[in-house]
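Colleague: I am new to this structure and should be grateful for a close look at its salt bridges. Please set them in the context of what surrounds them.

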Amino acid sequence: MFERLNPLAMRLATLVFRHPIVSTILFALLVAAAVSGLPRLQPDGRIEAFMREDDPALRAYQQMRETFGQDNRIVVSVGGGDVFDLAFVEKLARLHETIGADVPYIAELFSPYNIPFIDYRDGGLYIEDLVRNMLARGEDPATMRERILETPLYRNFIVSADGSLASIVIEPNRFAPHPSDCVARPAEGISCPPLPDEPIERDLLGSDHYAEMTAAVERIVAEFGNDSDFVIHVSGAPVVSTEIVRLMSTDMPRFTLMSVGIALVVIMVMFRSPLVALAMLATFLTTIFSTFGLMAASGNPLTPPTQLLVPLLLVGSLCSFIHFMMGFLRGYAETRDKEAAIERAIAHAHAPIVFGALTTAAGLLGFLASDLAPVATLGLFGAIGSLIAYVCAFFMTLLVFRLLGTRFFERRSAEYPRLVALFTWLSLAAVAHRFKALAVVALLIGLSAIGISRLEYSHNSLLWLPEDNTVRRSTEFIDTHLRGTVNLEVVVTPEAGRDFRDEELLTRLDEAAGELDGLTDVPIGRHTSIIDFVKETNRALNEGDPAERFVPRQDAIYDQFLMLESEGTDDTQRYVSSAYDLGRLTVLTPWLEATRYTDFINRVQAHLGEALAGLATVQTTGLIALLSVTSTAVLSSMISSYALATVQIFALMCVSLGRIGLGLLSMVPNILPFVFLLGIMGALGLPIDTFTVLVGAILEGLIVDDTTHYFFHYKRNFDRLRDPKAAIRATIAEVGEPMSTTTLVVMASFAVFAVSSLTNLITFALLMVLGAVLALLCELFVSPVVLSFLKPARRRQEADAASPVPALESGYAS
């Protein structure tokens, strides 16, 4: 079927060959158009970046943020001395004020310095900044030690339960700045224009804003130093995501240069021509820049998974480049004329090359079924990039082939490569003992099944950071001492005419929230809601008696809310809407393996739903919920993506090879390497996570290129020679060298990630290298064995009497 494209390809090749300058200008214009979007490419390592925009979990999270504010906070913990000592508190106050003045995009800043303190004096309720007012009055902070430590609103928030740490909690703005934003400063003669009648659409704060905030905090922390009596740790989801992006930005240029260097060395060794190596480099660069340019133009960010496009497209570019170049050189060796060589190469090799690009694209398109946004993006632009690589390789090889001089062709050795001879011997040995070979394969499948049964899946982006990474160590330190850095948010919606001033609702929610700790193995640092303000107000109204910290009667609740409103504080608005028709319960937990959150969230939802039945409905959201959804999506993504990729590749194989049976057999060497790899992962205890889930589909997309060429050329050679062993020899003579070269480049290109700063990339790299080796072994041993069982179809046998060389389109029967 794909031979029908050969006349069109030949016409294009002739135009490029005869009009290289015009062709180069047109090609450059197309590349420039694709690359033009590249400046808009933004890195993004946030948890939210792993979700699709229309995901219900992400929408619920964004709605919660718009209503109540951020839960995506930066935590600056300080310890090492007595946190209630006057000198320590004064230094903490300076740190607090410096952060407030110099860190952008801050909505609120909480610390012992300014945390609300509810007090009742002289017949009135007062809400004041805790330490700020004490310092202003010249009071000793140590006198408030017990009161602060026993207050739930403060514990594991701005001070640790044991009093060894104080913390500054930075809550970012909900929305990014807008050009229409204006702050009037009358003293300076600055006024603001009237607001537009229609509301302004604002973007939520993004990865680049978090990076600015994190960088500013780190500069300030460095200025204050880490003295032994003032030790600072910085963490929080914005800090972790920024650190992942930073390491990505450091690693990507380094790995790209290493991968390209490896490819250039391979090309130089294979073709012994700087001009050919330069053409290969141009092929890769135009492919990668065009693909990333299109990705940026469509508004997709650069995430940890999509950075894998670099080695993926390098391999795709190299595969197409080598196959085109080898085809032109074989054609020239037979014809000694460049135009005739191009015609012969396109007639003989173009169909499997374009089909290889299409099957690779089909394998990657399987990722579109993933619930993880970066994985789907990787699949889409990996497929687009594979087709771009085919086009770029077609153009660049034609151009460099035209420029090559006679000396290059005279230098080329016609000696049969030793590696090809070894491959031939191994394949023929497998065919000679094909039943034993199949028995070994069956045994390996059985062992792999045992390993697969032990597979687990996970998602924990914190563990992507090395153990000695400062951010990871700070996060683990804060999780240990403050018992959490991430939140589960529970949005409570009153029913039956009630609101968040209803005594029964508040009482039952308070009791149910107190029972959450110990519900599962996930530890809870604190739970906070508007109820804590009510209880603290009730205590203040009763001369600060700790025994009076409870939800009062209905009439008192109304009075206390009026008092809180009269104080003009906006702290309560983080836990209840202005109309009291919506409330928020925040549950603080450590940063854990995301799979542990799934059961926790389900139990919290069920427990609170049962406790508030008839009073309110509950919906869980927050960063923990997003982590849980992402974790669950890992496994479902693997199943759906691989199933879709396999079906698409199988359909293309059947179309190309002309028979369903042959298409089915071609899937064996494609699937087996991944089966074996999954078995090894299970045996070694390596989980399926956001990165290892990509190994199978990427391998399948790359392996299918070799399988396509192997089966396509075997079919043609078997038609011509009518002998399986002779067909194997001829096939390996044609595809053995490119196949070994591409395998080597796959191994080397992904192996460079083994020196990554991100541990998940190291595991991914080692699995890809191992997978490439398994793929080559399957191609050498399994493919010839399954093909050796094929016999010419009946209509083929009848056609033999009429024609000594059967038509290419005929099929096979097994």
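Modeller: What follows treats the salt bridges one pair at a time and then turns to the nonpolar core, one helix and the cysteines. The model is a predicted one.

The structure holds 26 salt bridges, and three of these pairs are described here.

In one of them, the side chains of Glu48 and Arg65 come together with a nitrogen-to-oxygen distance of 3.1 Å. Glu48 sits in the loop between helix H2 (20-35) and helix H3 (56-68), whereas Arg65 belongs to helix H3, so the bridge ties together parts that are 17 residues apart in sequence. Both partners are shielded: Glu48 is buried, its relative accessible area being 7%, and Arg65 is likewise buried, at 1%.

A second pair is found within a single helix. Glu504 forms a salt bridge with Arg508, and their closest N and O atoms are 3.0 Å apart. Both residues lie in helix H17 (residues 503-514), where a spacing of four residues amounts to about one turn of the helix. Glu504 is partly exposed, with a relative accessible area of 36%. Arg508 is also partly exposed, and its value is 25%.

Helix H17 takes part in a further pair, since Asp510 and Lys535 meet through their side chains in a salt bridge of 3.2 Å, N to O. Here the link is between distant parts of the chain: Asp510 is in helix H17 and Lys535 in helix H18 (residues 530-540), 25 residues apart. Are these two partners buried or partly exposed? Because the limit for a buried residue is under 20% relative accessible area, the two fall on opposite sides of it: Asp510, at 21%, counts as partly exposed, while Lys535, at 13%, counts as buried. As for shared partners, salt bridges join Asp44, Arg46, Glu48 and Arg65 into one network, which brings the account back to the pair described at the outset.

The nonpolar interior provides the wider setting. In soluble globular proteins, nonpolar side chains tend to be buried together. In this model, the largest nonpolar core has 244 residues, and Val76, Leu95 and Ile698 are those with the most contacts inside it. Helix H10 (residues 309-335) gives the most to this core, contributing 16 residues. Ile698 may be followed in detail: leaving aside residues up to four places away in sequence, it touches Leu312, Leu364, Phe367, Leu378, Phe750, Phe764 and Met768.

Helix H12 (residues 373-403) may be considered next. Its 31 residues reach 44 Å from the first C-alpha to the last, close to the 45 Å expected at 1.5 Å a residue. This helix is mostly covered, for 25 of its 31 residues are buried.

Finally, the cysteines. The model has zero disulfides. Cys319 is in none, and the nearest cysteine sulfur, that of Cys392, is 15 Å away. Cys319 is nevertheless buried, with a relative accessible area of 6%. The sulfur of Cys778 is 17 Å from the closest cysteine sulfur, in Cys319, and this is too far for a bond. Cys778 also counts as buried, at 4% relative accessibility.

Terms used: Residues numbered from 1 in each chain as written. Predicted model: local features only at pLDDT ≥ 70, side-chain atom pairs only at ≥ 80, totals over all residues. Heavy atoms only, no water. Salt bridge = Lys/Arg side-chain N within 4 Å of Asp/Glu carboxyl O. Helix = DSSP H or I, 4+ residues; strand = E, 2+ residues; numbered from the N terminus. Buried < 20%, exposed > 50% of the residue type's maximum accessible area, 1.4 Å probe, protein only. Core = buried A, V, L, I, M, F, W, Y, C linked by side-chain atoms within 4.5 Å. Contact = heavy atoms within 4.5 Å. Expected span 1.5 Å × (residues − 1). Disulfide = S-S within 2.5 Å.
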